[in-house]
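Me: I would like a close look at a single part of this protein, with the surroundings of that part described carefully. Please define each term where it is introduced.

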Amino acid sequence: MCKWLLWMAVAAAATGQPLPLGELPRGKVVLIAQPHHDDHTTDYGMGGFIARLIENGYRGVYIRASNDEKDGRNGYAQNDIINLREARAGLRHLGVDEVVSLNWRNDFMNPIPLNELREQLIFLIRKYKPDVVLGHNPWEHYQKNPDHRNVGRALVEAYWMAGDRNVHPEHFALGVTPHAARHFYGKGRLDWGLGQQSNVAIALNETQQRKKELAIAAHRNVYHNPGAKKAYLAALAGEGKALPELAAVDDNTASDLILHWWMNWISRDIGRRAGVKYAEDYYHLDRWDDLPGLRNYLQRNAR
Ligand SMILES: [Zn+2]
């Protein structure tokens, strides 16, 4: 079984970089913990990997952390029940028969006590004793869905802690024992971006740049610092340097001048990267970013 190779194409598709093939991990149980009924297969993962694990002797357990009440057209209660039923049907195609629903409120998982969700996942890891844990990559950038972010985070923490007998020792009264799963695989939409990399610059003219500088200087309580001139000149003097244009103005003007340099420099620096005098940089999403294939098609074909 270990000679089988695994192809995880998501990151390669997103970055264009070649990826090494991984071996199929040895084991008997895979625990998939996701927020939603369809996350076994949405966002480009992970149905194929699950199917392959099952074909190679694994037993699978799927944890649906939310109640999926907002996913569908049937009202909250009906959506919950229909989506759970369809999760079971979908997972049967992958060879997974067991679905556990934790029923946290769909899309409202930001304010939940994350330690409670984590404890549930720790308990389930101790109960099912997976060799492989699958879930969302908790460090996925630009993930807008709060359930994806928070379940991913709770899961990787649970994966890390479930083997520690000092963590929730009260579980052991229920007959479970500490268990450290060997493998964690996190999926993420890497085509949304790999980090805080801006993907667009917006050019500014002189007037817009000046307004930006005046706007920050208006926050006198925070940014006006008449003592800055003396401190800056003293620091420079310690290095045997001087700055005559700063020394020539009064303390209040010096404070404004330093703010001007600060705001002007960054706009020029970003502008230089974009081939204009001044610019600001952003990470831009448009409505088609969730569907890059469709976006590319529209760009090529829409008239
Ligand atoms: Zn989801």
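The request and a connected reply follow.

Me: Please take strand 6 (132-136) as the part to examine; with which strands does strand 6 pair, and in which sense?

Reply: This is a predicted model, in which local features need pLDDT of at least 70 and side-chain atom pairs count only at pLDDT 80 or more, while totals for chains, interfaces and linings use all residues. Residues are numbered from 1 along each chain as its sequence is written.

The protein chain holds 11 helices and 9 strands, where helices (H or I, at least four residues) and strands (E, at least two) are DSSP runs numbered from the N terminus. The domain assignment of the chain, whose bounds come from an automatic or database assignment, gives domain 1 as 5-192 and domain 2 as 200-282. Taken over C-alpha atoms, the centres of domain 1 and domain 2 are separated by 48 Å.

Strand 6 pairs in the parallel sense with strand 3 over 3 bridges, and also in the parallel sense with strand 7 (residues 183-187) over 5 bridges; two strands count as paired if DSSP finds at least two bridges between them. Leu-134 of strand 6 takes part in both pairings, as the bridge partner of Ile-32 and as a residue whose own bridge partner in strand 7 is Tyr-185.

Strand 6 is mostly covered, with 5 of its 5 residues buried. A residue is called buried if 20 or more other C-beta atoms lie within 10 Å of its own, exposed if 12 or fewer do, and partly exposed in between, with C-beta atoms placed from the backbone. Across the protein chain, 26% of the 303 residues count as buried.

Strand 6 also contributes to the largest nonpolar core, being one of the elements that give two or more residues to this core. Such a core is a set of buried Ala, Val, Leu, Ile, Met, Phe, Trp, Tyr and Cys residues joined through C-beta atoms within 7 Å. This core has 37 residues, of which Leu-31, Ala-33, Leu-121, Ile-125, Val-133 and Leu-155 touch the most other members. Among the other elements that give two or more residues to the core are strand 3 (29-34), helix 4 (114-128) and helix 5 (146-161). In soluble globular proteins, nonpolar side chains tend to be buried together.

Seen from Ala-33, the surroundings include Val-133 and Gly-135, together with Ile-63, Ala-65, Leu-121, Val-151 and Leu-155, not counting residues up to four places away in sequence; here two residues are in contact if their C-beta atoms, placed from the backbone, lie within 7 Å.

Helix 5 belongs to this picture too, since the buried residues of helix 5 pack against strand 6 as well as strand 3, strand 4, helix 4 and strand 7. Those buried residues include Val-151, Leu-155 and Val-156, and also Asp-147, His-148 and Asn-150. The 16 residues of helix 5 should span 22 Å at 1.5 Å a residue, and the end C-alpha atoms of helix 5 are 22 Å apart, which agrees; the expected span is 1.5 Å times one less than the number of residues.

For the wider setting, residues 24 or more positions apart account for 71% of the contacts in the protein chain with a separation of 6 or more. The C-alpha trace of the chain spans about 80 × 60 × 45 Å along its principal axes.
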